[in-house]
Amino acid sequence: MSIDRRDSRQATAAARRVGGGDAAVQAYLLGLIDYADCLALQQRLVYETAGRDDGLISLLICEHPAIITIGRQGSRSHVHISRRELISRRLELRWVNRGGGCLLHAPGQLAVYPIVPLEWHGFRVGDYLDRLQAGILAALADLRFQGRTCPQRFGVWGRSGQVAAIGAAVKNWTSYHGAYINVAPAMHVFRRIESDPEGGTEMTSLLAERGQPVRMSGVREALVRRLSEAFGCARYHLFTGHPLLARPRGATHESAARAG
């Protein structure tokens with residue numbers, strides 16, 4: 001893509017804001033939802049977002065039952081669990097079209113999926129990733145956790161490892177997939193997945209880093225507010241469940257941080 005087109009896209013986005021075209025964030029708290037169901041919802045929202053002209057951002061926040069996903073920088077060799085054990089644990093391996101490597105998803109980890117029309121907002125992919133990471137850092141700072149970043153990599157690290165992984169994708173200039181924040185999942189299986197093979201760090205959690213429980217409701221609230229700010233949206237609306245889901249499971253469930 002030429003520099004002229006990038007400049008044109010940013011100028012168009014600026015003109016929309018001057019003309020009163022500021023967008024809002026609609027945040028959906030989905031509770032515990034199967035990974036496949038959530039991915040299908042994201043793909044539907046990407047399609048619908050492409051047909052809108054109001055810059056609306058959809059933000060999905062949820063937890064997933066245990067599953068391992070492998071992104072574009074990942075490999076089966078990064079999963080140090082035998083096929084037999086995967087079957088006994090009922091752990092599915094799924095290759096997905098997102099950035100990043102291998103990730104274990106489980107209850108206690110928050111998945112954050114922003115569906116952002118990048119061209120409307122004048123964001124290049126790098127701009128979007130910077131904003132996503134900045135919003136997560138600000139939310140964690142609100143929770144009294146000072147995360148750090150690493151040059152040339154996206155994510156958030158603490159003293160003992162990686163707390164948040166970022167693995168995004170873009171289709172038709174609309175983002176999907178997103179970020180995964182370990183609030184308080186059981187960590188023993190996480191240590192057998194190379195989620196950061198380049199840096200060689202293990203995954204850790206907010207619970208382990210802070211040494212005290214963290215309420216999921218507080219993390220979700222901070223994420224919605226700070227990500228809305230990071231994406232330049234002054235307004236956000238909060239919903240439980242999503243109308244395109246036949247049955248939002250666990251939507252009202254409140255998770256407390258637990259050791260593991």
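This is a short talk on the fold of one protein, taken from a predicted model.

Hi everyone, and thanks for coming. Let me start with the broad picture and then walk through a few residues.

The protein has 260 residues, and 51% of them count as buried. The fold is built from seven helices and 10 strands. If you take the contacts with a separation of 6 or more, 79% of them join residues 24 or more positions apart. As for the outside, the accessible surface is about 12100 Å², with 49% of it belonging to carbon and sulfur atoms.

Now, how far can we trust the model? The mean pLDDT is 88, and 87% of the residues reach 70 or more. Please go gently with two stretches, though. Over residues 1–6, pLDDT stays under 50, and the model has five contacts beyond four places in sequence for that stretch. Residues 248–260 also stay under 50, and there the model has 35 contacts beyond four places in sequence. Where pLDDT is low, the predicted coordinates should not be read in detail.

Let's go to the strands, and to β9 in particular. How many of the residues of β9 are buried? Nine of its nine residues are, so to speak, under cover. This strand has partners that we can name. With β8, which covers residues 162–171, β9 pairs in the antiparallel sense over eight bridges. With β6, the pairing is antiparallel too, over four bridges. A nice place to put your finger is A179 in β9. A179 is the bridge partner of I166, and A179 is also the bridge partner of V112. If you follow the chain from β8 into β9, you pass through a hairpin with two residues between the strands, and N172 in that hairpin takes a positive phi near 55 degrees.

Next, the aromatics. The structure holds three aromatic pairs, and I'd like to show you two of them. In one, Y113 and Y180 meet edge-to-face, 5.7 Å centre to centre, with 80 degrees between the planes. This pair brings us back to the strands we just saw: Y113 sits in β6 (residues 109–115) and Y180 in β9 (residues 174–182), 67 residues apart. Both Y113 and Y180 are buried.

The other pair is Y128 with F231, and the arrangement here is stacked: 5.8 Å centre to centre, 15 degrees between the planes. Which parts of the chain does the pair of Y128 and F231 tie together? Y128 belongs to helix α5 (residues 125–142), while F231 lies in the loop between α7 (216–230) and β10 (235–240), so the pair ties together parts that are 103 residues apart in sequence. Y128 has 1% relative accessibility and counts as buried, and F231 is buried as well, with a relative accessible area of 1%.

Since we have reached α7, let me stay there for V224, which is found in that helix. At 2% relative accessibility, V224 is under the 20% cut-off, so we call V224 buried. What is V224 in contact with, leaving aside its neighbours within four places in sequence? The answer is A27, L59, I61, Y236 and L238. You may remember V112 from the bridges with β9: the C-alpha atoms of V224 and V112 are separated by 9.5 Å, although their positions lie 112 residues apart along the chain.

For a loop example, look at L91, placed between α3 (83–89) and β4 (93–95). Buried or exposed, L91? L91 is buried, with a relative accessible area of 10%. Its contacts outside the four places either side include A66, I67, I68, I81, L86, L104 and V189. For A66, the C-alpha atom is 6.5 Å from that of L91, and the two are 25 residues apart along the chain.

Last, something for anyone thinking about cysteines. A disulfide is a covalent bond between the sulfur atoms of two cysteines. A search of the whole structure finds zero of them. Take C38: the nearest cysteine sulfur is that of C62, 3.9 Å away, and C38 is in no disulfide. The cut-off for a disulfide is 2.5 Å between the sulfurs, so this pair does not qualify. C38 counts as buried, at 0% relative accessibility. C150 is buried too, with a relative accessible area of 12%.

That's my tour. Thanks for listening!

Terms used. Residues are numbered from 1 along each chain as its sequence is written. This is a predicted model: local features need pLDDT of at least 70, side-chain atom pairs count only at pLDDT 80 or more; totals for chains, interfaces and linings use all residues. Side-chain values use heavy atoms; hydrogens and water are left out. Buried means under 20% relative accessible area, exposed over 50%, partly exposed in between (1.4 Å probe, protein chains only). Contact means heavy atoms within 4.5 Å. Accessible areas come from the Shrake-Rupley method with a 1.4 Å probe; for residues, only the protein chains shown count as cover. Rings of Phe, Tyr and Trp (its six-membered ring) pair if their centres lie within 6.5 Å; planes under 30 degrees apart count as stacked, over 60 as edge-to-face and the rest as tilted. pLDDT is the predictor's confidence in each residue, from 0 to 100. Two strands pair if DSSP finds at least two bridges between them.
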